[in-house]
Amino acid sequence: MPEQIGFVGLGNMGHPMTSRLVGAGHRVRAYDVAEAARARAVEAGAVEAATLAAAADDADLVVLMLPNSDIVEQVVTDPGFAQALSPGTTVIDMSSSEPLRTRALAARLAERGIRMVDAPVSGGVKGAERGALTIMVGGDDADVARVMPVLETLGRPVHAGAIGSGHAVKALNNLLSATHLWVTSEAIEAGRRFGLDPEVMLAVFNGSSGRSGSTENKWPNFILPGTFDSGFGLRLMLKDMRIAVQLAQQSGAPSRLGADAVDLWAEAADGLPATADHTEVARWIADEGAG
Ligand code: NAD
């Protein structure tokens with residue numbers, strides 16, 4: 001059934017997701033602070049929301065695809081936006097946010113009859129374009145059931161648990177992904193200096209136990225060709241790793257390798273431009289070793 005959807009955050013991920021929702025027949029009112037991003041959404045068939053409040057007005061659902069929890073909270077507590085949300089509306093935070101802050105925000109919204117579900121994603125820009133994202137959903141059974149049909153137009157939703165669970169498992173996934181990418185890049189650089197061909201190494205790893213998303217996707221598609229254009233920023237990856245390690249520390253779980261991985265990625269972030277793609281970490285590792 002077509003829904004009236006407000007969509008806030010039309011960046012690398014939000015743009016293709018908006019296009020998928022429009023393609024599935026939903027009426028999408030799209031808002032971003034960047035005017036160019038709003039214009040791009042209109043080209044994809046969405047209606048421009050000139051203000052945050054206009055995105056929330058009359059919406060059955062409001063999707064947020066924003067950089068982090070600070071900005072999610074800023075948007076949700078914006079007076080115009082908050083006032084425009086009606087009781088019964090469901091806010092779906094698809095950003096990679098902080099699970100405890102998500103729980104607190106959901107409780108605040110619930111006081112006004114507004115429901116909240118967290119539904120961060122994995123699969124990158126290509127997954128968003130193809131409607132093939134893995135979607136990690138947190139929320140009450142009824143709220144999750146309510147938003148499932150819309151999420152299914154974007155990918156494969158998995159109900160992970162109570163509110164905040166999607167954000168927790170998403171951060172943990174990215175801690176794994178980033179740690180794999182770092183050690184894969186070190187291993188390939190070591191092999192290259194020994195005289196091995198990176199393509200041969202990748203073929204071997206991909207048929208062996210060293211296989212991961214880094215060997216199957218990131219190295220062959222973005223690093224070996226030298227394009228470094230996955231569309232996922234290095235600083236966004238570092239944010240997710242910090243959320244995961246904080247989660248471990250708050251619960252007293254061991255996080256020694258995770259904490260070290262955060263330190264390494266933070267060093268790379270300091271050495272690379274603010275806009276660097278996360279796959280540029282491989283280049284940084286090779287260059288650093290050369291220095
Ligand atoms: P992005 O930086 O490309 O897009 C974020 C958008 O939010 C920008 O267009 C920006 O102008 C807009 N924005 C910022 N502040 C705003 C505000 N106050 N009001 C309205 N709009 C505002 O980021 P992205 O790569 O699309 O990532 C979005 C979220 O998805 C992040 O939490 C990220 O960690 C997560 N994520 C990204 C990828 C990826 O491959 N890029 C994959 C999975 C998850």
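**Exercise 1.** Leaving aside its neighbours within four places in sequence, which residues is Gly-88 in contact with?

*Solution.* The model is a predicted one. Start with the location: Gly-88 sits in the loop that runs between helix 5 (79-84) and strand 5 (90-93). Next, apply the contact cut-off, heavy atoms within 4.5 Å. Once neighbours within four places in sequence are set aside, Asp-60 and Gly-113 are in contact with Gly-88. As a further distance, the C-alpha atoms of Gly-88 and Ser-208 are 50 Å apart, with the two positions 120 residues apart along the chain.

**Exercise 2.** Identify polar partners of the ligand's oxygen atoms, and state how much of the ligand the protein covers.

*Solution.* Pairs of N or O atoms within 3.5 Å are taken as polar contacts. Two side chains qualify: an N or O atom of Asp-32 is 2.6 Å from a ligand oxygen, and one of Lys-239 is 2.9 Å from a ligand oxygen. From the backbone, an N or O atom of Pro-67 lies 3.1 Å from an oxygen atom of the ligand. On its own the ligand has 830 Å² of accessible area, of which the protein covers 86%.

**Exercise 3.** Describe the shell around the ligand and place the ligand relative to the two domains.

*Solution.* Of the 24 residues around the ligand, those that come nearest are Met-13, Asp-32, Leu-66, Gly-231 and Lys-239. Sorted by class, the shell has 13 nonpolar, eight polar and three charged residues. Helix 4 gives the largest share, three residues. Finally, domain 1 (4-163) and domain 2 (168-289) both contribute residues to the shell, so the ligand lies between them.

Notes:
Residues numbered from 1 in each chain as written. Predicted model: local features only at pLDDT ≥ 70, side-chain atom pairs only at ≥ 80, totals over all residues. Heavy atoms only, no water. Near = heavy atom within 4 Å. Polar contact = N/O pair within 3.5 Å; in protein donor to acceptor, adjacent residues only side chain to side chain. Areas by Shrake-Rupley, 256 points an atom, 1.4 Å probe, with all protein chains shown as cover. Helix = DSSP H or I, 4+ residues; strand = E, 2+ residues; numbered from the N terminus. Nonpolar A, V, L, I, M, F, W, Y, C, P; charged D, E, K, R; others polar. Domains from an automatic or database assignment.
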